[in-house]
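Please work through the exercises below with the sequence and the structure side by side. Each task is followed by a solution that goes step by step.

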Amino acid sequence: MVDGRDFLGRLRRLYLPLAVFLVLMLFPFYWMLITSIKPNRELYNARIMPLIVHQPTLKHYIDLLYETNFLTWTYNTLLVAVVTTLVSVVLGTMMAYPLARMRFPGAAVVAIGVAATYLVPQPLLFIPMSDIINRLDLGNTLTAVMLTYPTLLIPFSAWLLMGYFKSVPRELEEAARIDGASRLQAMTRIVLPLCTPGLLSAGIFSFTLAQNEFLYALIFLAKSEVRTVPVGAITELIRGDVFYWGQLMAAALLGSVPVAIIYSFFVEYYVAGLTAGSVKN
Amino acid sequence: MAVGPASLAHPVAGRPFTLKGVLEREGVFSWLMLSPGVLFLLAFIAYPFFYGIFLSLEDRRVASPGVFVGLANFQTLMGDAVFWQVTRNTFVYVAATTVLKLAGGLGMALVMNQRFRGRNLARAFLLLPFIVPTALSTVAWMWILDPTFSVVNWLLVHTGVVAKGYSFLGNATLAMGSLIVVNTWRGMPFYGITLLAGLQTISPDLYEAASIDGATTTQRFRYVTLPIIKPVLIIVTMFSVIFTFGDFQLIYALTHGGPANATHVFSTWAFDIGMSAGLLGMGAAVALAILPALAALIVALTIYLRRE
């Protein structure tokens, strides 16, 4: 009797709402998957029950890989994401370390500057930035996005890492210094290893943000061979009013795979990074 | 210049004045570490920001020299009905999505803050909309909302709710509604997971004490949960509002500002004017129009963070 009421309460407070949230959040991914494996005669027939696949096919995936530049876009996206993540975490670390642990003239101004640059939205910068990239003659090069993505990632990485660096006790560093370590050695051998979770968080976050970036890639990369997956899919798989829905969904799904894999391995660090800014304060 | 202020730092007592000694000074070391990042941010954020202000005061077209026109671009915008429509769209979009994401995210956090098996897995799945590249998940939504083959229409028609399907992206109100739904879908997990982290800092003892004092579930939420997570709630909301103001790719991919400017926000309209039409000066002026609201938000956020 008591058990039955307990279960009903739990059903009402936990299982039902949880199921609703999961279905709402995951349905678009289910839709991506089944659309990508439906043959065209099922996709474009309004009388067939659309919720399941009747005769699955891999044709859209084969077309995507052979008839479009999808593999090139994937390579570009990953290359840009890896390079910008490395640059951003290294420069972010170099900024966060003194800001978190040293006293020096100008520290307050730089700290406010980092926070301000984190909050400046891209739409405020993209028009002047396009002119700057043109003047540097970097249009249609991956260098253009490799230079501009870190502007989105460094402030965040620095902000996140400052919290981690502050948490390392000063005594550890002082002990190392007394033993003859330079400031740089104290940083790289004592503090950084203790902040590995923070470095991972900053890295994962930067990687997903770099894969997600759209506006700069759209503006700077107008040639198919230099495009990234999101821009390639939106601009080339939608031709005028003709939509290649099967291919589009295959591209959307495959394009999400690298992020999803990295995310699934490091989900704890991702959540830590997500909540650090708002909760740890 | 980077080294200048460092001379104010006190030399380490008792050490000879050597290059190594200088490098070990706090000020010198700090500025050496900082300078690459600072120079980078100055070159690619501060400079474009001020250059954008300069551009907005020019009549400047792509591939031709600009002419200084003062505030003429802003004057033109003030008299343009589309500008005011875009302003209204932006505020409707930000306000509606923020309310929905906050309410839904709080609900998600409260549901997730119970003990059950597979909670970490559920959390990982619930966050997926937030981590998958937005342009790519928007592609799935385009097909979900397709005028002819929309699965939503199929469900509505086959369950007998409506006789004929809607054109979700072809009608001004429905298109804005669709954008709000998709943005809410994408952003709600951010609220849900950060608020969950906030809820998890609340000690169970507090709830127990409140229960012993006879508090109902609603009262416990009102007088225990809410006051404790209020700071997190405010910070998450402000961050989200600031980023939603700058939203571009979701709108660009789903509606492109249409039909007939009904879903244009500052960022997409600035893109159309500055990039597609090549009017850099006017585009920069449109982009700058979000600055007053944004500055007010950032100042409010800074003051709040200081006070906490």
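**Exercise 1. State how confident the predictor is in chain A, and where in chain A confidence is lowest and highest.**

Solution. The model is a predicted one, and the starting point is the average over the chain: chain A has a mean pLDDT of 90, with 96% of the residues scoring at least 70. The next step is to go from the chain to its elements, where the lowest confidence in chain A belongs to strand β2 (residues 242–243), at a mean of 69, and the highest to helix α4 (residues 70–101), at 96.

**Exercise 2. Describe how chain A is divided into domains and what the domains contribute to their contact.**

Solution. The domain assignment splits chain A into domain 1 (2–57) and domain 2 (60–279). Taken over C-alpha atoms, the centres of domain 1 of chain A and domain 2 of chain A are 33 Å apart. Their contact draws seven residues from domain 1 of chain A and eight residues from domain 2 of chain A. On the side of domain 1 of chain A that touches domain 2 of chain A, the elements giving two or more residues are α1 and α2 (40–43) of chain A, and α1(A) gives the most to that side, with four residues. Sorted by class, this side of domain 1 of chain A comprises three nonpolar, three polar and one charged residues.

**Exercise 3. Characterise the side of chain A that touches chain B.**

Solution. Begin with the two totals: 75 residues from chain A and 81 residues from chain B take part in the contact. On the side of chain A that touches chain B, helix α1 (residues 2–36) of chain A gives the most, with 13 residues. The residues of that side are then sorted by class, which yields 54 nonpolar, 17 polar and four charged.

**Exercise 4. Find the residues other than glycine with a positive phi in the loop between α6 and α7 (142–166) of chain A, and decide for each whether it is buried, partly exposed or exposed.**

Solution. D137(A) is not a glycine, yet has a positive phi of about 60°, and it lies in the loop between α6 and α7 (142–166) of chain A. N140(A), found in the loop between α6 and α7 of chain A, likewise is a residue other than glycine with a positive phi, near 60°. For the second part, a residue with 12 or fewer other C-beta atoms within 10 Å is exposed; D137(A) has 9 such atoms and is therefore exposed. N140(A) has 15 other C-beta atoms within 10 Å and is therefore partly exposed.

**Exercise 5. Analyse the geometry of helix α9 (residues 172–199) of chain B, and place N183(B) within its surroundings.**

Solution. Helix α9 of chain B has 28 residues and reaches 39 Å from its first C-alpha to its last, close to the 40 Å expected at 1.5 Å a residue. The local bend is examined next: α9(B) has a kink of about 35° at G187(B), shortly before the proline P189(B). As for its cover, 21 of the 28 residues of α9(B) are buried, and the helix is mostly covered.

N183(B) has its place in helix α9 of chain B. A residue counts as buried if 20 or more other C-beta atoms lie within 10 Å; N183(B) has 24 C-beta neighbours inside 10 Å, and therefore counts as buried. Apart from its neighbours within four places in sequence, N183(B) is in contact with T97(B), T244(B), D247(B) and L250(B).

**Exercise 6. Compile the burial of helices α7 (residues 134–144) and α13 (residues 266–276) of chain B, and follow the chain around α13(B).**

Solution. In α7(B), eleven of the eleven residues are buried, so this helix is largely enclosed by the rest of the structure; among them are W141(B), M142(B) and W143(B). Helix α13 of chain B is mostly covered, with eight of its eleven residues buried, including F266(B), W269(B) and F271(B). The buried residues of α13(B) pack against α6 (126–135) of chain A, and also against α4 (81–112), α12 (249–254) and α14 (280–288) of chain B.

The last step turns to the backbone on either side. The loop between α12 and α13 of chain B contains P259(B), which is joined to G258(B) by a cis peptide bond with an omega of about -10°. After α13(B) comes G278(B), whose phi is positive, near 75°.

Key: Residues are numbered from 1 along each chain as its sequence is written. Chains are lettered from A and ligands numbered from 1 in the order in which they are written. This is a predicted model: local features need pLDDT of at least 70, side-chain atom pairs count only at pLDDT 80 or more; totals for chains, interfaces and linings use all residues. Ala, Val, Leu, Ile, Met, Phe, Trp, Tyr, Cys and Pro count as nonpolar, Asp, Glu, Lys and Arg as charged, and the others, Gly among them, as polar. The expected span of a helix is 1.5 Å times one less than its number of residues. The bend at a residue is the angle between axes fitted to the seven residues ending there and the seven starting there. pLDDT is the predictor's confidence in each residue, from 0 to 100. Domain bounds come from an automatic or database domain assignment.
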